[in-house]
Amino acid sequence: MANREIELLDWGLTDYDEAYARQEELFSRTIADKKESKPTHNYLILCEHPHVYTLGKSGKPANMLMTDEYLAARGIKFVHTDRGGDITYHGPGQIVGYPIFDLDNFRLGLKDYIDRMEEAVIRTIARYGLRGARLHGATGVWLDPETPGRQRKICAIGVRSSRFVTMHGFALNVNTDLSYFHNINPCGFIDKGVCSIASETGRHIDFAEAKRFVAEEFNNVFR
């Protein structure tokens, strides 16, 4: 019988490389279990990262606007990674979510999985009075996606999958310092903005509460 239970793992503030190695271990173990026809588990990892820019496998290095020297002087990492998507920023005040899901447990393809992940984020920010939506041709969650000049992304999404097991995931701006996005063309866009729950509501957000809301909405959407 398919296992739709989701185990929440809160890793707190974790270095990006360490988090990658830890999720890669769970990812590989889940694939190995599938190959042996063993029951598989589904994990929702939530964490924060120290300042880091990550470039997806199909991303363009030109979307990093700063030199290596500039980044090194400020203690900011720049990592080439194997998720989909272009360049993005991770840092304190941002909820980074890594679902290690066996999509066969949920009878989902990759497109529907991404759609449900977006839906969980849309429901989360709705708790703060924000109306998130999708933008045609661009993954993630946006505010005012149909209004040129007002389009701004609140959550980036980039995933990797093998044998319908997923890793990587989403980055939801909660209390994020948005100035770090000035150093890149976020997700490859030069004509769209970035926002956070705090910037839209005008107040500091209880981070633990926001993580709890994310976990609840993932369970609501996927089970």
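**Reading pockets, cavities and cysteines**

Guide: Let's start with the record: UniProt, in an unreviewed entry, places the feature "domain: BPL/LPL catalytic" at residues 38-223. UniProt positions follow the numbering used here, feature names are shortened, and annotations may be inferred rather than shown by experiment. Residues are numbered from 1 along each chain as its sequence is written, and side-chain values use heavy atoms, leaving out hydrogens and water. This is a predicted model, where local features need pLDDT of at least 70, side-chain atom pairs count only at pLDDT 80 or more, and totals for chains, interfaces and linings use all residues.

Visitor: How much of the span 38-223 is helix and how much is strand?

Guide: Helices (H or I, at least four residues) and strands (E, at least two) are DSSP runs, numbered from the N terminus. Residues 38-223 are 26% helix and 30% strand, and the end C-alpha atoms of that span lie 21 Å apart.

Visitor: Now the empty space. How do I read a pocket or a cavity?

Guide: Rolling a probe the size of a water molecule over the atoms shows where empty space is left. On a 1 Å grid over the protein atoms alone, a cavity is a set of points where a 1.4 Å probe fits but cannot get out; a pocket is an open set with protein on both sides within 12 Å along at least five of seven lines, and lining residues have an atom within 4 Å of a point. Points are joined across faces, edges and corners, and volume means the space filled by probe spheres set on them.

Visitor: What is the volume of the largest pocket here?

Guide: About 350 Å³. Its lining has 26 residues, with Arg83, Gly84, Gly85, Ile157 and Gly158 nearest the centre. Strand E9 (152-162) gives the largest share of that lining, five residues.

Visitor: Which classes of residue line the largest pocket?

Guide: Ala, Val, Leu, Ile, Met, Phe, Trp, Tyr, Cys and Pro count as nonpolar, Asp, Glu, Lys and Arg as charged, and the others, Gly among them, as polar. The largest pocket's lining divides into 13 nonpolar, ten polar and three charged residues. For the second largest pocket, with about 180 Å³ of space, the split is three nonpolar, two polar and four charged. Helix H4 (110-126) supplies the largest share there, four residues.

Visitor: And how many cavities are there?

Guide: Searching the whole structure turns up three of 30 Å³ or more. The largest cavity has a volume of about 60 Å³. Among its lining residues are Thr88, Lys153, Cys155 and Phe181, and E9 gives the most, three residues.

Visitor: Cysteines next: why does Cys47 form no disulfide?

Guide: A disulfide is a pair of cysteine sulfur atoms within 2.5 Å. The closest cysteine sulfur to that of Cys47 is in Cys155, 13 Å away, so it is too far for a bond. Cys195 is also too far for a bond, because its closest cysteine sulfur, again in Cys155, is 10 Å away. The count by this rule comes to zero disulfides.

Visitor: Is Cys47 buried or exposed?

Guide: Buried means under 20% relative accessible area, exposed over 50%, and partly exposed in between (1.4 Å probe, protein chains only). Cys47 has 2% relative accessibility, so it counts as buried. Cys195, at 1%, counts as buried too.

Visitor: What does Asn183 touch?

Guide: Contact means heavy atoms within 4.5 Å. Leaving out residues up to four places away in sequence, Asn183 touches Tyr53, Asn63, Met64, Leu65, Met66 and Tyr70. Asn183 sits in the loop between E10 and strand E11 (193-194) and is buried, at 9% relative accessible area.
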